[in-house]
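Here are my notes on the model, set out as numbered points for you to check against the coordinates. They deal with charged side-chain pairs and with the packing of one helix.

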Amino acid sequence: MKERKKILSSCDVYQYFYPLMCDLPTEECWVLLLNQASKVIDRVKISAGGLAATAVDIRCILREALMKRAVSMALCHNHPSGNTSPSRDDDRLTEAVRRAAELMNIRLLDHLVVTDGDYYSYCDEGRL
């Protein structure tokens, strides 16, 4: 049986999503769902959008986390522009997901903005 990957840092999240998201021509948002031992339960695409944005419904994220019995999660989305800096919308989304997940006793570990060869981590920057 294949061992589930353990996620211990933003670098682990980046390495998990990089092959999937590095060359996408449009923005996508994914959630990585983790169990009590920080091992991957599943990864789920939440939304796909255009060149500069994608609409993310917080209820869809929480539904996936609750259905899979996740105790923690990490958000990840790409910026096809190559700019790792999060937008104001990214900031608002991160805070809204953190608050909503907290009500369900699910911890938002990180939110990464991925580009080809680099990433921005809200956790590493002290913003989560």
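1. A salt bridge here is a side-chain nitrogen of Lys or Arg within 4 Å of a carboxyl oxygen of Asp or Glu. The model is a predicted one, and it holds 10 salt bridges by this criterion.

2. One of these salt bridges joins Lys-45 to Glu-28, with the closest N and O atoms 3.5 Å apart. Because Lys-45 belongs to strand S2 and Glu-28 to strand S1, the pair ties together parts that are 17 residues apart in sequence. The two partners fall into separate accessibility classes: Lys-45 counts as partly exposed at 42% relative accessibility, whereas Glu-28, at 9%, counts as buried.

3. In helix H3, the side chains of Arg-92 and Asp-89 meet in a salt bridge with an N to O distance of 2.4 Å. Both residues lie within that helix, three residues apart, which is about one turn. An α-helix has 3.6 residues a turn, so residues three or four places apart point the same way. Arg-92 is exposed, since its relative accessible area is 52%, and the threshold for that class is over 50%.

4. A further salt bridge is formed by Asp-91 and Arg-127, at 2.8 Å from N to O. This pair links distant parts of the chain, with Asp-91 in helix H3 and Arg-127 in the segment after strand S5 (118-121), 36 residues apart. Both partners are partly exposed: Asp-91 has 25% relative accessibility, and Arg-127 has a relative accessible area of 39%.

5. Glu-95, Arg-98, Arg-99 and Glu-102 are joined into one network by salt bridges that share partners.

6. Turning to helix H2 (residues 58-67), the buried residues are Ile-61, Leu-62, Glu-64 and Ala-65. Seen down the axis of H2, these buried residues fall within an arc of 160°, so they line one face of the helix. The face turned away from this buried side carries the exposed residues Arg-59 and Met-67.

7. What do the buried residues of H2 pack against? Their contacts are with strand S1 (28-34), strand S2 (40-48), strand S3 (72-78) and helix H3 (88-103). Strands S1 and S2 also hold Glu-28 and Lys-45 of the second point, and helix H3 holds both Arg-92 and Asp-89 of the third.

8. One backbone detail deserves a check in the coordinates: just after H2, Arg-69 takes a positive phi of about 60°.

Definitions and conventions: Residues are numbered from 1 along each chain as its sequence is written. This is a predicted model: local features need pLDDT of at least 70, side-chain atom pairs count only at pLDDT 80 or more; totals for chains, interfaces and linings use all residues. Side-chain values use heavy atoms; hydrogens and water are left out. Buried means under 20% relative accessible area, exposed over 50%, partly exposed in between (1.4 Å probe, protein chains only). Helices (H or I, at least four residues) and strands (E, at least two) are DSSP runs, numbered from the N terminus. The arc is that of the directions from the helix axis to the C-beta atoms. Contact means heavy atoms within 4.5 Å.
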